[in-house]
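Welcome, and thanks for opening the viewer. Have the selection tool ready, and we will go from stop to stop together.

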Amino acid sequence: MLDYLSLEADLEAEERLIRDTAREFLETEVAPDIGDHFENGTFPTDLIPEMGEMGFYAPNLEGYGSPNVSETAYGLLMQELEACDSGLRSMASVQGALVMYPIHAYGSEAQKEEWLPKLGAGEAVGCFGLTEPEHGSNPSGMETRAEKDADGYVLNGSKTWITNSPIADVAVVWAKDRSSDETGGDAVRGFLVETDRDGVSTNKITEKLSLRASITGEIGLNDVRVPEENVLPGVEGMKGPLSCLTQARYGIAWGAVGAARDCFETARRYATDREQFGGPIGRFQLQQDKLAEMATQITLAQLLAYRLAKLKERGDLRPQHVSMAKRNNVRMAREQSRVAREMLGGNGITTDYSPMRHLANMETVYTYEGTHDIHTLVLGHDLTGIPAYDG
Ligand code: FAD
């Protein structure tokens, strides 16, 4: 596997073991059927508990049954998952970074004890409801409302593009708490909403041509009553959802490298196997140029990912660092998966080979967790001090 600058030589034995175990599981249990799942628009739901056993869901958290692995090991897991399919990494990102992380960081002791062990083991599935039909890149404009009454809160609103909502047991729903006096009823709070509560609907979105091996849906909230103890007590404001997104984007920066690496390895193999004009196509300089560029771009993205892990470990990682890596690494994977697809000729457009599937998936990864454009604006803001989000 491509590791041109021997970055893996610096891995701890435990990190290597975690990576190798994950790789073997994915290659034997998941990869053989992933093309079919993509074609059929399904997720291998029977593997959700097994993925929990493998430690794919927030293994970098401390306590509540989590193995508390290093940030590098966590990144390597995301890389292996996405080398198989972005749908698998999305499952792990949502369950771990977007559901378990906010419960761990902002939840009450009771919420942590109730949900973290089950979610970590894949015995329960969670989803993260931030995006709304009219508020994607600007989630602070959200219209979902929570009204306080004597028994707790009543939620109304709708969320869309929610990974796993149709199969989730619990949704972390971000809504504006109208009872918060200081902010004029505008404080964003996180609510744990069990999906079997009256008034919750979770329709599946079926028209996707990207991230097909992942289940995506809506969350409708129609006078949904939740008790006070379902509010995440430890956070108010957009810091809540945005801090979760930083965690997930960190995993995406690693994951995108995995997808690109799989495309590269597929193209490299194909270039040595496939013969035209009396020999392997890998002897043509045009094809070697593509492989050289692909390997270089992947290596640069690997360097970014490994550096993020170091900064995260010592508490120096800023959200803007993550924006730079998510923006760069996903763009890289999107561009390089296209090159790999091209190198496979006609075979490249089939599900028999991975690059076209990765290429299609990258359209989602480029768009969710902050679009490429939005991360450009985050960096522009950081570099100049001038915010340019509203033009
Ligand atoms: P818009 O915000 O309408 O953007 C449209 C275009 O305008 C984009 O190109 C964007 O870059 C550009 N644009 C917007 N604002 C600016 C600006 N200020 N300057 C320049 N350009 C701008 N959300 C969740 O909450 N939970 C999930 O689990 C989840 N899973 C998802 C799964 C899938 C498969 C997909 C496709 C999306 C998912 N999302 C999820 C939603 C995702 O985060 C949003 O799609 C994303 O934030 C973009 O929002 P939007 O689609 O409304 O696009």
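Begin by selecting threonine 72 and showing what surrounds it: leaving out residues up to four places away in sequence, threonine 72 touches Leu11, Glu15, Tyr250, Trp254, Tyr306, Ala309 and Glu313. Threonine 72 itself belongs to helix H3, which covers residues 71-84. Is threonine 72 buried or exposed? Its relative accessible area is 7%, and the cut-off for buried is under 20%, so threonine 72 counts as buried. Keep in mind throughout the tour that this is a predicted model.

**Zoom out to the whole chain**

Now clear the selection and colour by secondary structure. You should find ten helices and eleven strands in the chain. Along the principal axes, the C-alpha atoms fill a box of roughly 80 × 50 × 40 Å. How does the radius of gyration agree with that of a compact globule? For 391 residues such a globule would have a value near 21 Å, and the chain has 21 Å, so the two agree.

Switch on the surface for a moment. The accessible surface of the chain is about 16,800 Å², and carbon and sulfur atoms account for 48% of it. Of the 391 residues, 57% are buried. If you colour by charge, look for 37 positive and 61 negative side chains; the centres of these two sets are 6 Å apart. As for contacts, take those between residues at least 6 apart in sequence: 75% of them join residues at least 24 apart.

**Strands S3, S6 and S7**

Hide the surface and select strand S7, residues 187-194. How many of its eight residues are buried? Eight of the eight are, so you are looking at a strand that is mostly covered. Turn the strand and follow its side chains: Ala187, Arg189, Phe191 and Val193 point one way, while Val188, Gly190, Leu192 and Glu194 point the other way. Both sets are buried, and they include the charged residues Arg189 and Glu194.

Next add strand S6, residues 170-177. S6 and S7 pair in the antiparallel sense over eight bridges. To see one position in this pairing, pick lysine 176, which stands opposite valine 188 in S7.

Then bring in strand S3, residues 126-129. S3 runs parallel to S6, and four bridges join them. Here phenylalanine 128 stands opposite valine 172 in S6. Gly126 and Phe128 point one way from S3, Cys127 and Gly129 point the other way, and all of these are buried.

**Strand S9 and its partners**

Move on to strand S9, residues 216-227, and show strand S5, residues 152-163, with it. The two run antiparallel and are joined by nine bridges. Add strand S8, residues 200-201, which is also antiparallel to S9 and is joined to it by two bridges. Which residue of S9 should you click to see the bridge partner of glycine 157? Choose leucine 221. Leucine 221 is the bridge partner of valine 200 as well.

While you are in S9, select glutamate 218. With a relative accessible area of 32%, glutamate 218 is partly exposed. Apart from residues up to four places away in sequence, glutamate 218 touches Lys159, Thr160, Ser165, Ser201, Thr202, Asn203 and Ile205. Try the distance tool on glutamate 218 and glutamate 132: C-alpha to C-alpha they are 8.8 Å apart in space, though 86 residues separate them in sequence.

**Two positive phi angles**

Follow the loop between S8 and S9 to leucine 211. What is the phi of leucine 211 near? Phi is near 45 degrees, a positive value in a residue other than glycine. Leucine 211 is buried, at 3% relative accessible area.

Now jump to glutamate 369, in the loop between helix H9 (355-367) and H10. Glutamate 369 is not a glycine either, yet it has a positive phi of about 60 degrees. Its relative accessible area is 13%, so glutamate 369 is buried too.

**Last stop: helix H10**

Finish by selecting helix H10, residues 372-384, and centring on histidine 372. Histidine 372 is buried, with a relative accessible area of 9%. Which residues is histidine 372 in contact with, once neighbours within four places in sequence are set aside? Show Arg327, Arg331 and Tyr366 to see them around histidine 372.

How values were computed
Residues numbered from 1 in each chain as written. Predicted model: local features only at pLDDT ≥ 70, side-chain atom pairs only at ≥ 80, totals over all residues. Heavy atoms only, no water. Rg over C-alpha atoms; globule rule 2.2 N^0.38 Å. Buried < 20%, exposed > 50% of the residue type's maximum accessible area, 1.4 Å probe, protein only. Contact = heavy atoms within 4.5 Å. Areas by Shrake-Rupley, 256 points an atom, 1.4 Å probe, with all protein chains shown as cover. Charge placed at Lys NZ, Arg CZ, Asp CG, Glu CD. Pairing = 2+ DSSP bridges.
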